[in-house]
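Here is a short report on packing and charge pairing in one protein model. Please keep the structure open while reading.

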Amino acid sequence: MTDTLSDFASQFPRERRPACQLYLVSPLNVTGAFPDRLRRALGAAPVAAFQFRIKGVDQHEAARLAEPLQRICADADVAFIVNDSASLAKRIGADGVHLGQGDDDPRAAREILGREAQIGVTCHDSRHLAMEAGEAGADYVAFGAFYPTTTKPTDYHPDPSILGWWTTLFATPCVAIGGITPANAAPLIEAGADFIAVANAVWEGDEAAAVQAFAAVLAK
């Protein structure tokens, strides 16, 4: 099982944490040529994790759609994270699950998925929710949306300083999400994000070129 996320941060000051990495989030439509697009994206530059995020299908169909994508991620040594559903993550043997505030508690997800699973929690703009998630055993916390996004509706727009606050005090990694592009990612990286999560900026155009553009920003 890929351990990229849970082992990423260490008990050291911010300046000694590993460099920020890229976390891809799928579009809602992963049919047709999407497996080839994913393979191309993962082959363009380093990617730490891929989140499988689809809506409006039953678990059987979700598992069918996930299978080729999960295999592509395994071949590329990229963590495969299921959005929202610990039961689906368990069913397909995913590396972990990403939970929204309306989903299972991280402790319940841990019971379902086991000690080695990667469990992430959406914390919006809330320091309190992030600390609660950390206390509940989350392997990472996600803050956002930092920029306008069409991926999903949100009323939360944290200041980038929340990333630096978190990484100064806690070893658990943090993910910045929401409207991130190669043009606006730098302030979030500089503020302290351990990962930047991106969707539309990759899948709405040439996925390989977009991943390479993010890699260039991350390398600065």
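The text below covers the nonpolar core, the cavity and the salt bridges, in that order.

**Core**

This is a predicted model. In soluble globular proteins, nonpolar side chains tend to be buried together. Here the largest nonpolar core has 76 residues. Within this core, Leu-24, Phe-50, Phe-52, Phe-80, Phe-143 and Ile-196 touch the most other members. Helix α2 (residues 59-75) contributes the most to this core, with seven residues.

Phe-80 deserves a look. Setting aside neighbours within four places in sequence, Phe-80 has contacts that include Phe-50 and Phe-52. Ala-66, Leu-69, Gln-70 and Cys-73 are also among the contacts of Phe-80. So are Ile-92, Ala-94, Asp-95 and Gly-96.

**Cavity**

Rolling a probe the size of a water molecule over the atoms shows where empty space is left. The count is one cavity of 30 Å³ or more. The largest cavity holds about 30 Å³ of space. Its lining consists of Tyr-23, Gln-51, His-98, Tyr-140, Ala-142, Val-175, Ile-177 and Ala-197. Strands β6 (140-143) and β7 (174-177) are the elements that give two or more residues to this lining. By class, the lining residues of the largest cavity are six nonpolar, two polar and no charged.

**Salt bridges**

The structure holds eleven salt bridges. Three of them are listed here.

| Pair | Closest N to O distance |
|---|---|
| Arg-17 and Asp-194 | 2.7 Å |
| Glu-207 and Arg-40 | 3.4 Å |
| Arg-64 and Glu-61 | 2.6 Å |

Take the salt bridge between Arg-17 and Asp-194. Arg-17 sits in the segment before β1 (21-25) and Asp-194 in the loop between α7 (186-191) and β8 (195-198), so the pair ties together parts that are 177 residues apart in sequence. Buried means under 20% relative accessible area. Arg-17 has 7% relative accessibility, so Arg-17 counts as buried. Asp-194 is buried too, at 0%.

Next comes the salt bridge between Glu-207 and Arg-40. Glu-207 belongs to helix α9 (residues 207-218) and Arg-40 to helix α1 (residues 34-44), so this pair ties together parts that are 167 residues apart in sequence. Glu-207 is buried, with a relative accessible area of 7%. Arg-40 is partly exposed, at 41% relative accessibility. Arg-40 and Glu-207 also belong to a network of salt bridges that links them with Arg-37 and Asp-206.

The last pair lies within one helix. Arg-64 and Glu-61 both sit in helix α2, three residues apart, about one turn of the helix. Glu-61 is partly exposed, at 25% relative accessibility.

Key
Residues numbered from 1 in each chain as written. Predicted model: local features only at pLDDT ≥ 70, side-chain atom pairs only at ≥ 80, totals over all residues. Heavy atoms only, no water. 1 Å grid on protein atoms, 1.4 Å probe; cavity = no way out; pocket = protein on both sides within 12 Å on 5 of 7 lines; lining within 4 Å. Points joined across faces, edges and corners; volume = space filled by probe spheres on them. Helix = DSSP H or I, 4+ residues; strand = E, 2+ residues; numbered from the N terminus. Nonpolar A, V, L, I, M, F, W, Y, C, P; charged D, E, K, R; others polar. Core = buried A, V, L, I, M, F, W, Y, C linked by side-chain atoms within 4.5 Å. Buried < 20%, exposed > 50% of the residue type's maximum accessible area, 1.4 Å probe, protein only. Contact = heavy atoms within 4.5 Å. Salt bridge = Lys/Arg side-chain N within 4 Å of Asp/Glu carboxyl O.
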